[in-house]
Amino acid sequence: MAEMGMGKGVTAGKLASNVQKKLTRAQEKVMQKLGKADETRDVAFEEGVINFNKQYTEGSKLQKDLRAYLAAVQTMHESSKNLQECLSDMYEPEWYGKDDVDSIVEDTDVLWTDFHQKLVDNALISMDTYLGQFPDIKSRIAKRDRKLVDYDSARHNHSSTNKGKKGKDGGIKITKPASLLERATPIWAQGILSAHNIAQSNLSRNQAEDELERAQKVFEEINEDLQEELPSLWNSRVGFYVSTFQSMAGFEEKFHKEMGKVSLMT
């Protein structure tokens with residue numbers, strides 16, 4: 001039987017690791033929802049995420065409306081061009097001002113083309129660039145959430161591993177052999193078995209501590225970056241919106257002023 005193919009660069013070990021992470025996170029979330037495990041909360045960060053989502057939604061709507069506005073400008077351009085060309089064709093050659101009429105048709109077409117292009121270059125492209133940073137940050141927020149679950153899981157595992165391991169005198173508390181094999185162990189070998197249990201207990205605690213340190217480090221690295229970026233991005237919206245609307249207003253004013261001059265030529 002042919003082996004099941006895997007994606008390029010994906011090994012069985014990596015796949016198993018990813019599956020295990022998902023299962024561990026799902027289990028941790030269930031425990032938190034049931035109130036059997038505490039969940040790390042950061043109210044200030046959560047408010048930052050709310051602002052981020054609001055900013056992304058508003059920016060996306062503005063981008064959509066801006067594209068609709070540009071489409072309308074393009075339609076007006078085509079309508080104006082058709083109308084001007086129709087009038088030019090109807091204007092008979094022997095009539096006074098025929099050359100001026102043809103010139104107006106050309107000038108009007110140039111003004112519409114220039115107006116549309118400036119809106120694209122200075123408003124739409126800026127809008128696309130502005131929104132282009134959101135998907136990456138959104139992905140990193142989702143990653144932070146996953147790493148936070150990993151961190152909480154590692155904390156709980158570390159706490160559980162160390163809980164009840166020490167007796168009242170501070171020494172290691174060893175449970176009595178429970179399996180058939182352990183009960184069948186000769187008395188002279190009980191010491192070796194106890195030493196083995198102690199070693200395994202220490203190993204588990206060391207592994208839990210290492211896991212906690214790794215999870216905390218990974219979470220704090222991505223968390224610190226987002227703690228700085230989200231407020232900065234939120235504050236940047238005001239300047240961006242002001243700049244965008246000022247540019248559009250300036251282009252519109254210049255366009256209508258120039259169109260007025262062309263009309264006066266008639």
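Is Lys118 buried, partly exposed or exposed, and what is the relative accessible area of Lys118? Lys118 is partly exposed, with a relative accessible area of 23%, where buried stands for under 20% relative accessible area, exposed for over 50% and partly exposed for values in between (1.4 Å probe, protein chains only). The structure is a predicted model, in which local features need pLDDT of at least 70 and side-chain atom pairs count only at pLDDT 80 or more, while totals for chains, interfaces and linings use all residues. Residues are numbered from 1 along each chain as its sequence is written, and side-chain values use heavy atoms, with hydrogens and water left out.

The protein chain contains six helices and zero strands, and the order of elements from the N terminus is α-α-α-α-α-α. Helices (H or I, at least four residues) and strands (E, at least two) are DSSP runs, numbered from the N terminus. Of the 266 residues of the protein chain, 27% are buried. About 18,300 Å² of the protein chain is exposed, and carbon and sulfur atoms supply 56% of this area; accessible areas come from the Shrake-Rupley method with a 1.4 Å probe, and for residues only the protein chains shown count as cover. Contact means heavy atoms within 4.5 Å. Among contacts between residues at least 6 apart in sequence, 83% join residues at least 24 apart.

Salt bridges were counted next. A salt bridge is a side-chain nitrogen of Lys or Arg within 4 Å of a carboxyl oxygen of Asp or Glu, and the count by this rule is nine. Side chains of opposite charge can pair when their charged atoms come close. In helix H3 (residues 98–132), Lys118 and Asp114 lie four residues apart, about one turn of the helix, and their side chains meet in a salt bridge at 3.3 Å, N to O. Asp114, like Lys118, is partly exposed, with a relative accessible area of 35% for Asp114.

A salt bridge is also formed in helix H2 (residues 43–90), between Asp65 and Lys61, whose closest N and O atoms are 2.9 Å apart. Asp65 and Lys61 are separated by about one helical turn because they are four residues apart in helix H2. Asp65 is partly exposed at a relative accessible area of 40%, whereas Lys61 is exposed at 55%.

In helix H4 (residues 134–162), Asp152 and Arg155 are three residues apart, so about one helical turn separates them. The closest N and O atoms of the salt bridge between Asp152 and Arg155 are 2.9 Å apart. Asp152 counts as buried at 1% relative accessibility, whereas Arg155 counts as partly exposed at 22%. In addition, Asp136, Arg140 and Glu229 are linked in a network of salt bridges.

Two surface patches are described here. Patches are made of residues with over 30% relative accessible area and no salt bridge, like charges being joined within 9 Å and nonpolar side chains (Val, Leu, Ile, Met, Phe, Trp, Tyr) within 5 Å. For charges, Lys and Arg count as positive and Asp and Glu as negative, with His and the chain ends not counted; the place of a charge is taken as NZ of Lys, CZ of Arg, CG of Asp or CD of Glu. Glu220, Glu221, Glu224, Asp225 and Glu228 form a negative patch. Asp225 belongs to helix H6 (residues 190–264) and is partly exposed, with a relative accessible area of 39%.

A nonpolar patch on the surface consists of Leu83, Leu87 and Met90, which together have about 310 Å² of accessible area. Leu87 lies in helix H2 and is partly exposed, its relative accessible area being 45%. Ser88, also found in helix H2, is buried at a relative accessible area of 10%. Apart from neighbours within four places in sequence, Ser88 is in contact with Lys98, Val101, Asp102 and Val105.

Phe240 is placed in helix H6 and counts as buried, at 16% relative accessibility. Not counting residues up to four places away in sequence, Phe240 touches Ser126, Met127 and Tyr130. Phe240 and Met127 are 113 residues apart along the chain, and their C-alpha atoms are separated by 8.7 Å.
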